[in-house]
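Thank you for making the time this morning. I would like to walk through one structure with you, starting from its ligand and then moving outward to a helix, a pocket and a handful of individual residues.

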Amino acid sequence: MGAMATAAAQYVVAVRALCEFTAKQGDLDLRFTPSPTAQEGITGHAVVASRRSPGYEAEVSLSGSFGPLLVRGRADGYDPRLNRLEEVKTYRGDLGRMPDNHRHLHWAQVRIYGHLLCQSRGLDELQLALVYYDIGSQKETLLTEHLTADLLRQFFEDHCRRFLAWAEQEMAHRAARDLQLTALQFPHADFRPGQRVMAEAVYKSAVSGRCLLAQAPTGIGKTIGSLFPMLKASPGQALDKIFFLAAKTSGRALALEAVTRIRHSAPALPLRVLELVARDKACEHPDKACHGESCPLAQGFYDRLPQARSAAIDAGALDRESLRRVAAEHRVCPYYLSQEMASWSDVIVGDYNYYFDISAMLYGMASVNQWRVGVLVDEAHNMIDRARKMYSAEMEYGQLKALRRNAPPALKRGLDRVSKQWNSLGKEQEGDYLHYAEIPDAFVSALLQAVADITEYMVEHPAAMDSHLQQFYFDALHFTRMAELFGPHSLFDITRQSGQGTTLCIRNIVPAPFLAPRFAAARSTVMFSATLSPWHFYSDTLGIPADTAWIDVPSPFTADQLQVQLATGISTRFQHRERSLAPIVDLIAHQYRQQAGNYLMFFSSYDYLEKVATLCAAQHPEIPLWLQARRMDEREREDFLARFTESSQGVGFAVLGGAFAEGIDLPGARLIGAFIATLGLPQINPVNEQIMRRMGETFGNGYDYTYLYPGMQKVVQAAGRVIRTQQDRGVVYLIDDRFARPEVRQLLPAWWHVA
Ligand code: SF4
C-alpha cells in the first residue's frame, strides 16, 4: 500500500492501492492474467497515446486530500478537446471473459482520477473512459460514462471514508512502532566481537542512503547485527519497510528468530513481521487452479479478505505457520493472503527473488507505492549465481516436440511456426555448442505469436490447461521477455544434445544492468557474507552503485585457532588425478593419526571423491568414512550431518560447492578439520570459455572473474566450516600446488596464518 505517515499526520496512498483496498470484491481470479509483458504494456500505452489528437496529455499527475488522506497517482491520459479522462489497460484474449470484479476495479480507479482531475482543473463534469487495448489485434475497446464533478466527489469521498479507519489504524501503528524503535535497545547484553563494527556500518549506510557490502566472518551474529541497526535507522529515515532477503530457507529461519528476539526484548514494540513462502509450498490445493470455480480458497477471497487481514495484523508475527492458521480460519488462500500482508508488514523475510527477479513482487509494490525500503541481503556471495539464473532463459526442442504431438488444434499452427523457425537456427552450426551475436527476430516473433495464441486459449479454456502446455507457456514467455532485453550482459547460445534436438539459451553473464535499478530504488541495501572478496568482482557484476561503502569486519578468531597447511606437492588437476590419490590418502591418514576426530574432505567431483574414498577404505579401514552421495534428499543430508557429534570420529567426504560446503554449522569437536583438494575452479568447457571471453571484454579480467574468484569463494566458504566459535581449534589443508601462488594466496582470509 502506498502509505507513508508524514510529519503532519498525513497518510499518503496511491490511487491504485486505495482502489485495491476498497473496490476489490468477489473471487480471486488469475485467469485473465498473466498479462502482457511489461514492454508490451508500455508499448500499448504509447500506441494509444499516439493515436490521440494534439493536446492529449499522457501520464497526468494528480493528488487530492480527504481528512488525513493524501491520495495521489498518475492518470493515463486526458483529452481536453473531448474533456475525456482515460485509463488504459492492455490485455490479450477475449475481453468478454474478463471477470466483472476486474472491470469494477478499473472503473473505481478512473473515477477516483476523475474526481482529482475535476478538482484540480475546476471542471463541472467529465467523460471517463476505460480503454482496453488488445496487444494482439492492436484494437481498442472503449467503455465510457459521463459523470458530474459532484458525483465524482461523492464517489471519492465514499472510497476514502471506507479506507479511513484502516489508514488511522496504520498511522497509529507506525507512530507507535517508530517511537519504540527510537528507544530500542540491542537485544543482547553486549555485542559480540565484530558485531558492533558491522552494526555501526549498517546504521551509517542507512542514514546516508548508501549501499554497503559487508564481509563479516561467521559467528559474529550478522543477522541481528544488520537487522537491529536497520530498524534503529528506520524512524529517522522514514523507512516504510525492511526487506530481509535470503538465499536459503535456513537464512529466513535465522532472520525470523532474530526478529522474535527483538520483539521479546521490547514487548511494547509493535513490529509486524511476515515470511514469504513460494506458492508451491504455501498452496493448500496444488491440484487446483487459482480461481473461484476451481479452488474454494479463491472463491469469495476478496469478500473474506478484510476479516482475514485484520486477524493477520493482530497476529503480529506471520511466519509460515501462523499465516497458514489465519488463512485457514478465514478460508482464504494463504499464499495470496501473504501477498496482501506485504502491504501491512514492517519486516518482510523472503527469498532473493521477491525483490530481484524480473517480476519481483516486493520491488513492484515498492515502486508503485513509493515505499522507502531498507534491503538486507543475507549470504550475498550467492547473488551472482542466483541473479544469473533469474535473468537467463532456456528452451529445449524436445519439450516443443512433445507438445506439438498433443497440442490442441487451435495452437497447432503457431507451434509449427515456432518449430520451423527453431529448426532453421543453428543449421549451419558445426560442433555441439556455439554462441550467436543475436537472437533471430523471426524466431522471437514466432514465439511471441505462440505465446499470444496460448494466452487466448487459456482464457477461453481455463480447465484445459495441462502441465506440459503450462510449462512451455511459462518458459516461452520468459524467453520472449529476456529476448526483449537481450544485450552485452548475456549470451545467446545453441547447444546440440544428441538425439534430442537443440537447447536455446539466453544466458545472463553480468546481472548488473538488471540489478542496478533495484539498488537504486532502495534507500539503502546492505549485502553481507563471510566471503565477498575481492570487492570489485561483486560490485562490477552486481551493479552496485559507485558510492557503495564496504567493510571487512575483522574476524573474532585468531590465527592460532586455525592451522592452515598447504600441501603443494600434490596437483589436483584433472590430468594428474590418478597420481594424487595416494598422497591425499596419506595426508588424511597422517592427520587422523595425529589427532583423531571429525573432518570434512572436499573434492571437485563425485568421481574424484569416490576414487579417494575407495583407496582410503582399502588402506585405512580403521578410519570411518561418510560419503556424500549424488542427489541426497533433506533427510539424508540431515543423517549425514548427524554423524558429526562431540564424541564421533571419522572423515566426511563431500563435494565443494555442494550441500555441506557452506551454510552448515558444526562447532567444537563436531568438526576439527577440513581438507580441500581443489581450487573450486568451474569446469573448463565451451560455455565457461565463452563466459570468460565476455568477462574479459567487459571487465578486462576474464579468467579471474570466471574461474579464480568464484572458485576461491567456495574454498574459503568450505574452510569456514572449521572455526565456528572463539573456542574452536582446527586445521585446514589446502591441497594443490596452485595454492602457493601469490594471486591465490591473497584471496585467503587475512586472519589466516598460512604455514
Ligand atoms: S490455495 Fe493454491 S490453488 Fe487455491 S488460490 Fe491458493 S495458490 Fe491457488
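Which residues surround the ligand? Before I answer, please keep in mind that this is a predicted model, and that what I say should be heard with that in mind. The ligand is surrounded by L28, R279, C283, E284, H285, K288, C290, C295 and C333. Sorted by class, that shell consists of 5 nonpolar, 1 polar and 3 charged residues. As for the space that the ligand takes up, it is the largest cavity.

Let me turn next to the open spaces, and in particular to the second largest pocket, whose volume comes to about 1000 Å³. Its lining is made up of 38 residues, and those that lie nearest the centre are T218, G219, L254, D665 and R724. By class, the lining of this second largest pocket divides into 14 nonpolar, 12 polar and 12 charged residues. Which helix gives the most to that lining? It is α7, with 7 residues, and both α6, which covers residues 222–237, and α7, which covers 249–265, supply at least two residues each.

Now to helix α1, which spans residues 15–23 and is mostly covered, with 7 of its 9 residues buried. The buried ones are V15, A17, L18, C19, F21, T22 and A23. What covers these buried residues? The elements that do so include the strands β2 (11–14) and β4 (69–79), together with the helices α3 (100–121), α4 (149–183), α9 (301–315) and α13 (361–369).

I would then like to look at strand β3, residues 57–66, where S63 has its place. Is S63 buried or exposed? Strictly it is neither, because its relative accessible area of 41% makes S63 partly exposed. If we leave aside the neighbours within four places in sequence, S63 is in contact with L70, V71, R72, L116 and Q119. For a sense of distance, S63 and H106 are 43 residues apart along the chain, and their C-alpha atoms are separated by 18 Å. Strand β3 also holds E59, whose phi is near 55 degrees, a positive value in a residue other than glycine. E59 counts as partly exposed, because its relative accessibility is 48%.

A positive phi also turns up at E379, where the value is near 50 degrees, again in a residue other than glycine. E379 sits in the loop between β13 (373–377) and α14, and with 26% relative accessibility it counts as partly exposed.

Helix α14 itself, residues 383–390, is where R386 is found. At 21% relative accessibility R386 counts as partly exposed, although the cut-off for buried, under 20%, is worth recalling when you read that value. Setting aside neighbours within four places in sequence, R386 is in contact with A247, D351, Y352 and N353. R386 and F356, which are 30 residues apart in sequence, lie 9.5 Å apart from C-alpha to C-alpha.

One last point concerns backbone geometry. Where is the cis peptide bond that I wanted to show you? It joins S533 and P534, with omega at about -10 degrees, and P534 lies in the loop between β18 (524–529) and α20 (535–542).

I will stop there and take your questions.

Key. Residues numbered from 1 in each chain as written. Predicted model: local features only at pLDDT ≥ 70, side-chain atom pairs only at ≥ 80, totals over all residues. Heavy atoms only, no water. Buried < 20%, exposed > 50% of the residue type's maximum accessible area, 1.4 Å probe, protein only. Helix = DSSP H or I, 4+ residues; strand = E, 2+ residues; numbered from the N terminus. Contact = heavy atoms within 4.5 Å. Near = heavy atom within 4 Å. 1 Å grid on protein atoms, 1.4 Å probe; cavity = no way out; pocket = protein on both sides within 12 Å on 5 of 7 lines; lining within 4 Å. Sits in = over half its atoms within 2 Å of the grid points. Nonpolar A, V, L, I, M, F, W, Y, C, P; charged D, E, K, R; others polar. Points joined across faces, edges and corners; volume = space filled by probe spheres on them.
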